[in-house]
Amino acid sequence: MAEGNISANDQAILELLENDARLDARDLADILGEEAQEVQQAVRRMEEQKIICGYHTVINYNKVLRDERIMAFIEVDVSPMKDKGYDHTAALLAKYPEIDSLYLITGDNDFICLVQGKTMFEVCQFVADRIAVMENVQSTKTLFVLKQYKQSGVLTGAGRPNRAEDRLVVSY
């Protein structure tokens, strides 16, 4: 099977796992009407091909560890390196465990990184000591996360309930 092309069954498995990573092969097989062993082989194959890259739990950090975890988005503007483009810089950035997620983006900056640390100072030091001093980095901009409302498609319940939102809005 060519890269990027997957079967309808594999697509169904991916959609189910994306919505609930706790489903095991037997659960998936029951839902899909397949044999558990076939589903298990399909999942293992997609893991080996790096189609499935991991399994994650969405945690509402507004409710726990509020004072122990700081998240910030770091915008990074770079000069692409000759014969290496952006990939070389991305590979260097990706090696840092403080960087949770890394994306090449369009707009005023080239990369956006989700960085996590224990304090704002720790995040600032990481940016100053590791990212800003990289050879081809032109500038950085740090945006601290104050409150999380939604992550990975899941509402985290941080917003204040508003009864007006429950009403049907009618306009004449």
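**Exercise 1. Determine which residues V115 touches, not counting residues up to four places away in sequence, and place V115 in a nonpolar core.**

Step 1. Contact is taken as heavy atoms within 4.5 Å. Outside the window of four places in sequence, V115 touches I70, M71, A72, I74, E98, I99, V123 and F126.

Step 2. The model is predicted, so local features need pLDDT of at least 70 and side-chain atom pairs count only at pLDDT 80 or more, whereas totals for chains, interfaces and linings use all residues. Residues are numbered from 1 along each chain as its sequence is written, and side-chain values use heavy atoms, with hydrogens and water left out.

Step 3. A nonpolar core is a set of buried Ala, Val, Leu, Ile, Met, Phe, Trp, Tyr and Cys residues joined through side-chain atoms within 4.5 Å. Buried denotes under 20% relative accessible area, exposed over 50%, and partly exposed the range in between, with a 1.4 Å probe and protein chains only. The largest such core has 17 residues, and V115 is among those with the most contacts inside it, together with I74, V76, I99 and I131.

Step 4. Two or more residues of this core come from each of strand 1, helix 4, strand 3 and helix 5. Strand 1 gives the most, with five residues. Here helices (H or I, at least four residues) and strands (E, at least two) are DSSP runs, numbered from the N terminus.

Step 5. A second, separate core comprises 11 residues, including L28, V43, M46 and I52. In soluble globular proteins, nonpolar side chains tend to be buried together.

**Exercise 2. Identify the buried residues of helix 4 and state what covers them.**

Step 1. Helix 4 spans residues 87-94, and its buried residues are T89, A90 and L93.

Step 2. These residues lie on the same side of helix 4 because they cover an arc of only 100° around the axis. The arc is that of the directions from the helix axis to the C-beta atoms. An α-helix has 3.6 residues a turn, so residues three or four places apart point the same way.

Step 3. The cover includes strand 1 (70-78), strand 2 (99-104), strand 3 (111-117) and helix 5 (120-131).

Step 4. Within strand 2 lies S101. Leaving aside neighbours within four places in sequence, S101 is in contact with I112, C113 and L114.

**Exercise 3. Find how many salt bridges the model has and characterise the residues of each pair.**

Step 1. The criterion is a side-chain nitrogen of Lys or Arg within 4 Å of a carboxyl oxygen of Asp or Glu. By this rule the count is two.

Step 2. One salt bridge joins the side chains of D10 and R45, at 2.9 Å from N to O. D10 belongs to helix 1 (residues 8-19) and R45 to helix 3 (residues 36-48), so the pair ties together parts that are 35 residues apart in sequence.

Step 3. D10 is buried, at 1% relative accessibility, whereas R45 is partly exposed, at 29%. Not counting residues up to four places away in sequence, D10 touches A42, R45 and M46.

Step 4. The other pair is D20 and R22, whose side chains meet at 3.3 Å, N to O. D20 is partly exposed, at 25% relative accessibility, and R22 is exposed, at 73%.

**Exercise 4. Compare I52 with K50, both of which lie in the loop between helix 3 and strand 1. Is each residue buried or exposed?**

Step 1. I52 is buried, with a relative accessible area of 9%. K50 is exposed, with a relative accessible area of 62%.

Step 2. Not counting residues up to four places away in sequence, I52 touches L14, L17, V43, M46 and E47. The C-alpha atoms of I52 and L14 are separated by 7.9 Å, although the two residues are 38 residues apart along the chain.

Step 3. K50 has a positive phi of about 60° although it is not a glycine. Most residues other than glycine have a negative phi, and most peptide bonds are trans.

Step 4. D83, in the loop between strand 1 and helix 4, also has a positive phi, near 65°, and is not a glycine. D83 is exposed, at 75% relative accessibility.
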